[in-house]
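Here are my notes for anyone opening this structure for the first time. Have it on screen and follow the points in order.

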Amino acid sequence: MTSILNTVSSIHSSRVTSVDRVGVLSLRNPDFVEFTRRRSGFSTLIFESPGRRCVVRAAETDTDKVKSQAPDKAPAGGSSINQLLGIKGASQETNKWKIRLQLTKPVTWPPLVWGVVCGAAASGNFHWTPEDVAKSILCMMMSGPCLTGYTQTINDWYDRDIDAINEPYRPIPSGAISEQEVITQVWVLLLGGLGIAGILDVWAGHTTPTVFYLALGGSLLSYIYSAPPLKLKQNGWVGNFALGASYISLPWWAGQALFGTLTPDVVVLTLLYSIAGLGIAIVNDFKSVEGDRALGLQSLPVAFGTETAKWICVGAIDVTQLSVAGYLLASGKPYYALALVALIIPQIVFQFKYFLKDPVKYDVKYQASAQPFLVLGIFVTALASQH
């Protein structure tokens with residue numbers, strides 16, 4: 001109650017000297033006049049109307065001396081490793097190159113790199129020759145450090161208002177890196193990734209620059225995911241599916257197009273797996289609920305609540321993989337289907353052990369323990385699709 005009175009008092013008594021008396025006419029009742037008097041560190045509100053007089057006194061709070069409750073520094077005991085990987089629990093850093101690396105979130109590169117491996121395996125044309133290995137490494141650099149780095153940097157740039165609420169100590173909202181430096185990084189990574197894609201097409205002898213088109217389409221998808229006016233991430237379903245497709249389908253397609261030919265059944269299979277990617281993307285939404293709600297972003301935890309959203313998350317991951325296992329079984333590949341089921345079981349165990357207990361507290365532990373089995377399952381599916 002006192003805090004409310006303090007706020008009201010500070011609003012009506014601004015720019016009033018210690019002995020001033022100001023009258024404010026009520027818009028709802030013309031006969032009702034409020035007087036505010038400030039003296040000796042406290043405020044007095046005097047409400048007067050014909051035949052009535054009410055006096056309220058409240059201690060003042062100097063708003064200039066009150067600091068925001070949101071920390072402007074990273075939590076004590078932050079890890080330098082976490083800083084380099086771009087995950088929470090990072091220490092503060094002043095070295096610009098380390099900050100640039102942090103913005104690219106290297107922890108998010110492995111799924112894209114693995115997607116290239118899966119695509120190469122699915123093509124059936126990859127051979128352990130120096131040339132094929134060099135091609136695959138270059139394709140991994142395109143998918144991981146360059147285009148994923150571009151995606152993460154541009155996402156942080158357009159999320160700076162949300163991060164100012166959820167994690168104000170991150171590089172962009174804290175001012176550790178300037179606007180011009182961020183924009184330069186975005187362009188360097190984007191043009192570097194597209195340039196590598198073009199080189200790969202020439203190296204593979206493509207008459208149609210398939211890898212370049214995939215890189216360009218993925219870059220556009222990354223932009224409209226983060227940037228207005230479309231900003232796909234504002235819708236939890238569309239945004240997370242787009243993110244899942246970017247992390248699973250696109251690098252797979254790039255790897256397969258580099259060494260072979262994309263087929264309709266592989267396209268359908270990878271898009272189906274992107275539903276599992278939707279579930280993975282939801283995992284990262286739980287830690288941003290406060291900021292998403294404040295800025296009107298309809299992430300699934302905001303739209304459905306934490307309890308419902310976490311079950312949607314695990315359902316998308318598990319049902320998708322079981323559906324793929326069923327598809328492999330129906331396609332006459334029972335051993336691959338059985339191997340995939342064997343990899344799904346530990347994921348469910350870790351879901352109950354960590355994620356379903358507390359999706360915010362245990363998100364890192366859950367991802368570190370469960371996702372390796374998911375990516376191995378994707379590789380098993382890739383091997384199955386080449387036979």
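1. Start in the loop between α3 (96-104) and α4, where you'll find Lys105. This is a predicted model, so treat the backbone angles as computed values. Lys105 has a positive phi, about 50 degrees, even though it isn't a glycine. Is Lys105 buried or exposed? With a relative accessible area of 13%, Lys105 counts as buried because that value is under the 20% cut-off.

2. Now jump to the loop between α9 (210-226) and α10, the place of Pro229. The peptide bond from Pro228 to Pro229 is cis, and its omega is near 10 degrees. Lys231 sits in the loop between α9 and α10 too. Lys231 is a residue other than glycine with a positive phi, near 35 degrees. Its relative accessible area is 14%, so Lys231 is buried.

3. Next, the largest pocket. How much space lies in it? About 1,400 Å³. The lining is made up of 48 residues, and those nearest the centre are Thr108, Gln152, Tyr247, Asn284 and Gln367. If you colour the lining by class, you should get 21 nonpolar, 15 polar and 12 charged residues.

4. Which helices line that pocket with at least two residues each? They are α4 (109-123), α5 (130-158), α6 (160-166), α10 (236-259), α11 (264-283) and α16 (363-385). The largest share of the lining comes from α16, which gives nine residues.

5. That makes α16 worth a closer look. At 1.5 Å a residue, its 23 residues should span 33 Å, and the end C-alpha atoms are 32 Å apart, so the two values agree. Where does α16 bend? At Ala370, by about 35 degrees, with a proline, Pro372, following within four residues.

6. Stay in helix α16 for Tyr366. Tyr366 has a relative accessible area of 2%, so it is buried. Look for Phe355 as well: Tyr366 and Phe355 are 11 residues apart along the chain, and their C-alpha atoms are separated by 5.9 Å.

7. There's an enclosed space to find as well. How many cavities of 30 Å³ or more does a search of the whole structure find? One, and its volume is about 270 Å³. This cavity is lined by 21 residues, with Leu112, Leu147, Gly218, Ser246 and Leu250 nearest its centre.

8. Who supplies the cavity lining? α5, α9 and α10 each give at least two residues. The most comes from α9, with eight residues. By class, the cavity lining has 14 nonpolar residues, seven polar and no charged. Compare that with the lining of the largest pocket, where 12 residues are charged.

9. A word on cysteines. How many disulfides does a search of the whole structure find? Zero. Cys118 is at 0% relative accessibility, so it counts as buried. Cys146, with a relative accessible area of 13%, is buried as well.

10. Move to helix α4, where Val117 is found. Val117 is at 25% relative accessibility, so it counts as partly exposed. Measure from there to Cys139 on your own screen: the two are 22 residues apart in sequence and 9.5 Å apart in space, C-alpha to C-alpha.

11. One more contact between separate stretches of chain to check, this time from helix α8 (residues 179-204), the place of Ala204. How far is Ala204 from Lys135, C-alpha to C-alpha? The answer is 8.6 Å in space, across 69 residues in sequence. Ala204 has a relative accessible area of 24%, so it is partly exposed.

12. If you only have a few minutes, go back to three places. One is α16, with its bend at Ala370 and its nine residues in the pocket lining. Another is the loop between α9 and α10, the place of Pro229 and of Lys231. Finish with the largest cavity, where α9 supplies eight residues of the lining.

Methods: Residues numbered from 1 in each chain as written. Predicted model: local features only at pLDDT ≥ 70, side-chain atom pairs only at ≥ 80, totals over all residues. Heavy atoms only, no water. 1 Å grid on protein atoms, 1.4 Å probe; cavity = no way out; pocket = protein on both sides within 12 Å on 5 of 7 lines; lining within 4 Å. Points joined across faces, edges and corners; volume = space filled by probe spheres on them. Nonpolar A, V, L, I, M, F, W, Y, C, P; charged D, E, K, R; others polar. Expected span 1.5 Å × (residues − 1). Bend = angle between axes of the 7 residues up to and from the residue. Buried < 20%, exposed > 50% of the residue type's maximum accessible area, 1.4 Å probe, protein only. Disulfide = S-S within 2.5 Å.
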